[in-house]
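Here's a walk through one protein model, from a single residue out to the domains and their charged pairs. Have a look at the fold first.

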Amino acid sequence: MLTLAVIVPLLGALALAALPLDAARARPVATAVAGVPLALLLLVWATYDASGGFSAQAEMPWIPSLGIAWRVGVDGMSLSLALVSAVIFVAAIAWPIRVSDARAYHAWMLFLAGVSTGLFVTLDLVLFYVFFDLSLVGMYFLVGRWGHGDAQAAALKFFVYTLAGSLLILVGIIVLALSMPDLTFDMRAIIAAPPLSGPVAGLVLLALVAGFGIKTPVFPLHTWLPPAHVNAPGPVSAILAGVLLKMGAYGLVRVALQMVPEAFARHALPIALLGLASILWGALVACAQDNLKRRIAYTSVNHMGYVVLGVAVAGSGLGPEAARQIALTGAVVEMVAHGLITGALFLVAGAIWQRASDHDMGHFGGLAGPAPRLAGLATLAAFASLGLPGLAGFVAELHVFLGAFAVYPWIAAAGLLGILLTAALFLSMLRQVFFGELPATRADFADLTRRETAILGALLALVVLIGVWPAWLLSLIDAGSLVPTLGPGG
């Protein structure tokens, strides 16, 4: 089923590119195709074996002489990320948007859906790298061709930055494979093997953290992100934030933490400081942004900082093991929550652009009057992003900070300032855009359509579900199986 979840959207992309469908038919066809991997992943979840290890495994030789094969399988972390990615793709593809050559646009969206699913379910490091690189291609064309403003320059910057990061990751992958007793790119074998140690392990970790840090992104490797978001169509921004950023964070756990655990433990403190810098820098800079999408983009740097902090705590080898597991659980929940919440926020920004061709918050105000549905759902998403109890963001941040206070209490205390800044920037955004006096030029601003309301409502319903009843997600993630067993300091 996992193989089909990867192949079906790729075949759908080829079919869409070849069939003479008009815009009215391209979207429903693409939405239906995107729903297939979601349905397949739900079936995998229904039969998932949570006893430990990987489930739903399949393997087929590809390049036997190099130990490379089509290997797929999921654990709780990869299955939860694959599921949320599939949900976001269905929402983004179904979102009504006016684009030129809708057939090609939706074909690229399906291509990106296929390679994104492949990255989360593969158990082969070479295939992981292939899917990682192919995701750059899909996003490059979606931003560069269908974006607005300086979209081509933004797409080029995104591609060059993230390609540089992927080359660093490739170096790390090659050294890891060569360090095995028998050459292999099987993730399971590398995780189970004696960990790489010595100066080489430190260099491998540096390459992996830098490569995945660009994609996550962490400060100061984040500068490609705001222009990519600002110039991309709303649904494409939702995928960039909700899915592609998770690839970097997922790689940080699956490859850096689990495959070079001793080196990770030795360098966990500077990685935690990178997370803290991202939390504070992302929130501070977001406060200064007048462009709606740029403000939301910088909150992604802030929120992914919580993920990096949680991963650093988990790999530190310090403090109680239970605290490290709690921190990693929080990091994975934050990936899921951020995907849903920020995906919804970028769809809100896309709806505003569709109606006004403007993202300057100073040009709005009082939109709650003519657009109450848009205002209500945007407010719910904003409160979820700032960590209001009862919503998914709170569950994630609570776990991260509980674990962090047991290992790096002073970093955790400083990181709490990021929550305060996030609350300020979102409340300010809501006040500027939706409340106050309605400008005369916005008197005819249209509210969300039924389709837009249903899509946003579905994403945010999941945010509320995780916030009110998180047990189902927490039991799926099972962070205890992800945290390496190490002594203090590695």
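Is Val84 buried or exposed? Val84 is buried, since its relative accessible area is 6%; buried here means under 20% relative accessible area, exposed over 50%, and partly exposed in between, with a 1.4 Å probe and protein chains only. Before going further, note that this is a predicted model, where local features need pLDDT of at least 70, side-chain atom pairs count only at pLDDT 80 or more, and totals for chains, interfaces and linings use all residues. Residues are numbered from 1 along each chain as its sequence is written, and side-chain values use heavy atoms, with hydrogens and water left out.

Back to Val84, which sits in helix α3 (helices are DSSP runs of H or I with at least four residues, strands are runs of E with at least two, both numbered from the N terminus). Val84 touches Val336 and Leu340, leaving aside residues up to four places away in sequence; contact means heavy atoms within 4.5 Å. The C-alpha atoms of Val84 and Met335 are 9.2 Å apart, with their positions 251 residues apart along the chain.

**Two domains**

The domain assignment, which is automatic or from a database, gives domain 1 (1-265) and domain 2 (267-490). Their C-alpha centres are 21 Å apart, and the contact takes 54 residues from domain 1 and 55 residues from domain 2. Together the two domains bury about 4600 Å², 76% of it on carbon and sulfur atoms; that area is the accessible area (1.4 Å probe) that two parts lose on being put together, summed over both. On the domain 1 side, Trp95, Phe219 and Ala265 lose the most area to domain 2, together 15% of what that side buries.

Twelve residue pairs are in polar contact between the domains, both residues at pLDDT 80 or more. (A polar contact is a pair of N or O atoms within 3.5 Å; within protein, one must be able to donate a hydrogen and the other to accept it, and residues adjacent in sequence count only if both atoms are side-chain atoms.) Helix α10 gives the most to the side of domain 1 that touches domain 2, with 15 residues.

**The core**

The largest nonpolar core has 188 residues, and Ile239 and Phe434 have the most contacts inside it. Such a core is a set of buried Ala, Val, Leu, Ile, Met, Phe, Trp, Tyr and Cys residues joined through side-chain atoms within 4.5 Å. Helix α14 (residues 321-356) is the top contributor to this core, with 19 residues. Among the residues that Phe434 touches are Val348, Ile352, Leu367 and Leu374, not counting residues up to four places away in sequence.

**Charged pairs**

Zero salt bridges cross the interface of domain 1 and domain 2, while the whole structure has ten. The rule asks for a side-chain nitrogen of Lys or Arg within 4 Å of a carboxyl oxygen of Asp or Glu. Here are some of them:

| Pair | Closest N and O atoms |
|---|---|
| Arg71 and Glu59 | 3.2 Å |
| Asp186 and Arg188 | 3.0 Å |
| Arg355 and Glu452 | 2.6 Å |

Arg355 in helix α14 and Glu452 in helix α18 (residues 450-468) link distant parts of the chain, 97 residues apart. Glu452 is buried at 3% relative accessible area, whereas Arg355 is partly exposed at 25%. Arg71 is buried at 6%, and its partner Glu59 is partly exposed at 48%. Glu59, Arg71, Asp124, Asp186 and Arg188 are linked in a network of salt bridges.
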